[in-house]
Amino acid sequence: MSKQLLKYIITKSCLRSRIHNMKYMSTVNNEKLIKVTFNKANGDKITAEGKKGDSLLDVIINNNLDFDGYGACEGTLTCSTCHVILDPKDYDALPEKPSDEELDMLDLAYNLTDTSRLGCQIILEEKLDGLEVKVPATVNDARYN
């Protein structure tokens with residue numbers, strides 16, 4: 001077995017273990033889960049839960065949701081594939097405004113709006129319970145521009 005293949009297997013195994021532990025620990029500690037609804041461009045609505053401190057990208061990964069190409073850079077702020085669009089009131093309610101780095105990545109996103117954000121930069125807290133975001137139909141991976 002090649003070293004590269006072994007490294008891949010170990011990494012995937014560790015990631016699955018971490019995700020399982022995070023889910024298990026949140027239910028053991030009786031943490032309140034925060035609901036988020038992702039409205040896809042085709043009209044599908046997918047509701048998932050995350051815990052306080054998770055990003056929207058974490059919610060998608062931890063719930064094994066199938067969003068083609070979403071979060072390609074794994075939250076390192078080097079692509080724009082986790083672009084989401086919020087309602088103006090939800091956008092204004094976010095505790096942190098986008099950083100310069102996030103704004104640079106958003107400039108490369110398709111279907112950019114005044115209320116666009118990167119899902120990897122939106123961190124859940126209890127007041128965001130019930131948040132709904134729109135997921136654009138197409139993504140632009142800024143790493144390949």
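Select Asp87 first: in this predicted model, Asp87 is partly exposed, because its relative accessible area of 35% falls between the 20% limit for buried and the 50% limit for exposed. The residue sits in the loop that links β3 (83–86) to α3 (88–93). Show what surrounds it: leaving aside residues up to four places away in sequence, Asp87 touches Thr115 and Lys134. Then add Ser116, which lies 29 residues from Asp87 along the chain, with 9.2 Å between the two C-alpha atoms.

Next, step back into β3. His83 and Ile85 point one way from the strand, Val84 and Leu86 point the other way, and all are buried.

Now display the partners of β3. With β4 the pairing is antiparallel, over three bridges; select His83 and Leu118 of β4 to see two residues standing opposite each other. With β5 the strand also runs antiparallel, joined by two bridges. Here Ile85 stands opposite Lys134, the residue already picked as a contact of Asp87.

From β5 (131–135), move to β1 (34–40): these strands run parallel and are joined by five bridges. Select Phe38 and, opposite it in β5, Val133.

Finally, show the whole sheet. It is open, has five strands in the order β2-β1-β5-β3-β4, and its pairing is mixed. The edges are β2 (45–50) and β4 (116–118); each has a single partner strand, so one side of each lacks a neighbour in the sheet. On average, neighbouring strands are turned by 35 degrees against each other, direction ignored.

Terms used:
Residues are numbered from 1 along each chain as its sequence is written. This is a predicted model: local features need pLDDT of at least 70, side-chain atom pairs count only at pLDDT 80 or more; totals for chains, interfaces and linings use all residues. Side-chain values use heavy atoms; hydrogens and water are left out. Helices (H or I, at least four residues) and strands (E, at least two) are DSSP runs, numbered from the N terminus. Buried means under 20% relative accessible area, exposed over 50%, partly exposed in between (1.4 Å probe, protein chains only). Contact means heavy atoms within 4.5 Å. Two strands pair if DSSP finds at least two bridges between them. Axes are lines fitted to C-alpha atoms, for helices over the stretch in contact, and angles run from 0 to 180 degrees between N-to-C directions.
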